[in-house]
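User: Please take a close look at a single residue in this model and describe its surroundings. I would then like to see how the neighbouring parts, and the rest of the chain, relate to that picture.

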Amino acid sequence: MADIVYLRMHKKVNIAHKKQLYLEDIAHISSNVSYKKKLELTPIYRITDKDENILIIDSFLIVDHLISIFSDIEIQLIGSEQTIIHIQKRKKQTNLWIVSFVWLLLFVGTAMTIMNFHYDVSMQQVQQKIHLLLTGRENEFPLWIQIPYSLGLGVGTLLFFNHWFNKRFNEEPSPLEIEIFNYQQDINQYITYMENDLNDPRNLS
């Protein structure tokens, strides 16, 4: 009777440099076989220059490779069917001038967006009207309304994004994080199909 080996592929693996990939690098293994460590250290793929920065390893090829080496095992796949290997190149040192320029550009752009929005909805006239209704007097600049409103706008933005630099206010993901996650899922789905050699029409014949 064949020994059962449960295999769960990692969805994504980041590799800092080119190296030999072993089974333990791309998958979780659960089994009672005595040679489990040998399974984990089975060579799978050697990353070379031709792989550039993205590599797809399909579970079908892994199963085929393992069965050819360990003929007395039965492999049960759980979860993801492919592993995306991201080969990270050495990062260049951050340029302070570029960071400052981008920060200034985003700051000015955000400020202009907020000001144009308030102009479109006549926010100043609305606040003047609120001041007139509450006090019975006209005031061109009702600061007791405008200042708390401005502070509340900033605090509300921080709470919406759930971040203050690297600090999170709670464990709930922000709407931006959810959108980024969904976007990353779409990218991964596209990559796993387009970069997988098994999906090449030339290999389907």
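Analyst: **A loop histidine and its setting**

His 10 sits in the loop that joins β1 to β2. The model is a predicted one. With a relative accessible area of 18%, His 10 counts as buried, because the limit for that class is under 20%. Apart from neighbours within four places in sequence, His 10 contacts Glu 24, Asp 25, Ile 26, Ala 27, His 28, Gln 82 and Thr 83.

One of these partners, Ile 26, leads to the largest nonpolar core. That core holds 25 residues, and those touching the most other members are Leu 23, Ile 26, Leu 39, Ile 57, Ile 62, Leu 66 and Ile 85. Two or more residues each come from β1 (3-9), β2 (12-15), α1 (23-26), β4 (27-30), β6 (54-58), α3 (59-69), β7 (73-78) and β8 (82-87). Both strands that flank the loop of His 10 are therefore among the contributors to this core. In soluble globular proteins, nonpolar side chains tend to be buried together. Within this core, Leu 66 offers a second viewpoint: beyond its neighbours within four places in sequence, Leu 66 contacts Leu 7, Leu 23, Leu 39, Thr 42, Ile 73 and Ile 75.

Further along the chain, the largest pocket encloses about 480 Å³ of space. Two elements, α4 (96-120) and α6 (143-161), each supply two or more residues to its lining, and α4 gives the most, with 6 residues. The lining consists of Trp 103, Leu 106, Phe 107, Thr 110, Ala 111, Ile 114, Leu 153, Gly 154 and Thr 157. By class, 6 of the lining residues are nonpolar and 3 are polar, while none is charged.

The geometry of α6 can be checked against expectation. At 1.5 Å a residue, its 19 residues should span 27 Å, and the C-alpha atoms at its ends are 27 Å apart, so the two values agree. Just after α6, Asn 162 adopts a positive phi of about 60 degrees.

The other pocket helix, α4, is followed by a loop that leads to α5 (123-135), and Val 121 lies in that loop. Whereas His 10 is buried, Val 121 is partly exposed, with a relative accessible area of 38%. Val 121 and Thr 192 are 71 residues apart in sequence, and their C-alpha atoms are 46 Å apart in space.

Technical notes: Residues are numbered from 1 along each chain as its sequence is written. This is a predicted model: local features need pLDDT of at least 70, side-chain atom pairs count only at pLDDT 80 or more; totals for chains, interfaces and linings use all residues. Side-chain values use heavy atoms; hydrogens and water are left out. On a 1 Å grid over the protein atoms alone, a cavity is a set of points where a 1.4 Å probe fits but cannot get out, and a pocket is an open set with protein on both sides within 12 Å along at least five of seven lines; lining residues have an atom within 4 Å of a point. Grid points are joined across faces, edges and corners, and a volume is the space filled by probe spheres set on the points. Helices (H or I, at least four residues) and strands (E, at least two) are DSSP runs, numbered from the N terminus. Ala, Val, Leu, Ile, Met, Phe, Trp, Tyr, Cys and Pro count as nonpolar, Asp, Glu, Lys and Arg as charged, and the others, Gly among them, as polar. A nonpolar core is a set of buried Ala, Val, Leu, Ile, Met, Phe, Trp, Tyr and Cys residues joined through side-chain atoms within 4.5 Å. Buried means under 20% relative accessible area, exposed over 50%, partly exposed in between (1.4 Å probe, protein chains only). Contact means heavy atoms within 4.5 Å. The expected span of a helix is 1.5 Å times one less than its number of residues.
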